[in-house]
Amino acid sequence: MLPFDDRDGVIWYDGALVPWRNANLHVLTHGLHYASCIFEGERAYGGEIFKATEHHQRLHKSAEIMGFEIPYSVADIDVAAAEVLKANGISDGYIRPVAWRGSEMMGVSAQKTRIHLAIAAWEWPTYFTPEARLEGIRMTEGKYRRPDPRTAPVHSKAAGLYMICTLSKHEAEQQGFNDALMLDWRGQVAEATGANIFLVQDGKLHTPTPDCFLNGITRQTVIDLARQRGYEVIERAIMPEEFAKTQEVFICGTAVEVTPVREIDQYSFTPGEITLNLMKDYDALVNRTHDMAAQTSTSAA
Ligand code: PMP
């Protein structure tokens, strides 16, 4: 695997495309020391970023929650992200915008720091076939819990909130699992370390109310897709004991898309019809976005 700081290509950095290896920052950067940093994770399918504007609106919102303003509009970022994708010749890939406080001040107070924005993109095809993905992943409860909204800016996609995700995921991986299940501060089921979670009970979908973690863009998309199919979707508090009466579980997020779960500690699930249908619908939707874009560019040409 090539390290991420030593690759060919270009990165959009504070308004200009720079050679990949030159997209650097100083070690004395507020975002690095004090986690005044927020980011996005997006996927492109067939050269089109799925729900780009929603991601860039969330980027702005994350910054606002963290008390800073990104010096580029959502529309500017939509254009810049598309430019990065094109300049690197990427069709199926991942896009990572990141914004942070700079080096003008180095202390808890950082009101006068400059706000920086960079956007990188790299190839990341979906390498699992639906059959392979259907086997499902294995999860274990993580040792950290999603914090009370009174103790952290939980609705910001802030770098600092990933500290407990990395620790929980590392521990799960060291025990041979694929990911950790994160409960929240009350002991309710919250999410995975980088994706939201759904349970299927007696033909209905249940998902935790996102009151202390991200209401993912994929989560909202899956809820729409499920309702279009006529499935009932219930957002509510879910306790982990309920896994005993749950037939199917899946996680969803930009990176993992819709991925079935076959095990969470002592509980086992069989990826079933509802999960499979939503995987198919999600695949069709992201590809349809691509086809529509292709049609648009054909008619424009
Ligand atoms: N929760 C966490 C902790 C995440 O990192 C992500 C990925 N951004 C999600 C949920 C899902 O969000 P989305 O569907 O917008 O990618």
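Trainee: What are the domains of this chain, and how do you know where they begin and end?

Mentor: The chain is divided into domain 1 (10-123) and domain 2 (130-286). The bounds come from an automatic or database domain assignment. This is a predicted model, in which local features need pLDDT of at least 70 and side-chain atom pairs count only at pLDDT 80 or more, while totals for chains, interfaces and linings use all residues. Residues are numbered from 1 along each chain as its sequence is written, and side-chain values use heavy atoms, with hydrogens and water left out.

Trainee: How far apart are the centres of domain 1 and domain 2, and how many residues of each take part in the contact?

Mentor: The C-alpha centres are 26 Å apart. Domain 1 brings 17 residues to the contact and domain 2 brings 19, where contact means heavy atoms within 4.5 Å.

Trainee: What area do domain 1 and domain 2 bury between them?

Mentor: About 1,600 Å², with 65% of it on carbon and sulfur atoms. The value is the accessible area (1.4 Å probe) lost by the two parts on being put together, summed over both.

Trainee: How many polar links does the rule find across the interface of domain 1 and domain 2?

Mentor: Eight residue pairs are in polar contact there, both residues of each pair being at pLDDT 80 or more. A polar contact is a pair of N or O atoms within 3.5 Å; within protein, one atom must be able to donate a hydrogen and the other to accept it, and residues adjacent in sequence count only if both atoms are side-chain atoms.

Trainee: Which elements supply the side of domain 1 that touches domain 2?

Mentor: β3 (37-39), β4 (42-45) and α2 (52-65) each give at least two residues to that side. The most comes from α2, with five residues. Helices (H or I, at least four residues) and strands (E, at least two) are DSSP runs, numbered from the N terminus.

Trainee: What makes up the side of domain 1 that touches domain 2, by class?

Mentor: Eight residues are nonpolar, three polar and six charged. In this scheme Ala, Val, Leu, Ile, Met, Phe, Trp, Tyr, Cys and Pro are nonpolar, Asp, Glu, Lys and Arg are charged, and the others, Gly among them, are polar.

Trainee: Why is the pair of E257 and R43 called a salt bridge?

Mentor: The term needs a side-chain nitrogen of Lys or Arg within 4 Å of a carboxyl oxygen of Asp or Glu. The side chains of E257 and R43 meet at 4.0 Å, N to O, and the pair counts as a salt bridge. Across the interface of domain 1 and domain 2 the rule finds one salt bridge. The whole structure has 18. E257 in strand β15 and R43 in strand β4 are 214 residues apart, and their pair links distant parts of the chain.

Trainee: Why is E257 classed as it is, buried or exposed?

Mentor: Buried means under 20% relative accessible area, exposed over 50%, and partly exposed in between (1.4 Å probe, protein chains only). E257 has 4% relative accessibility, so it counts as buried. R43 is buried as well.

Trainee: What else does E257 touch?

Mentor: Leaving aside neighbours within four places in sequence, its contacts include Y45, T126, R133 and Y282. The side chains of E257 and Y45 make a polar contact at 2.5 Å.

Trainee: What does D283 pair with, and why does the pair tie together separate parts of the sequence?

Mentor: D283 forms a salt bridge with R133, their closest N and O atoms being 3.6 Å apart. D283 lies in helix α7 (residues 273-300) and R133 in helix α4 (residues 130-134), so the pair joins parts 150 residues apart in sequence. R133 has a relative accessible area of 7% and is therefore buried; D283 is buried too. Outside four places in sequence, R133 touches F128, E257, V258, P260, M279 and D283.

Trainee: Which class does each residue of the E171 and K143 salt bridge fall in, and how far apart are their closest N and O atoms?

Mentor: The closest N and O atoms are 3.7 Å apart. E171 lies in helix α5 (residues 163-174) and K143 in the loop between β8 (137-141) and α5, so the pair ties parts 28 residues apart in sequence. E171 has a relative accessible area of 28% and is therefore partly exposed, whereas K143, at 56%, counts as exposed.
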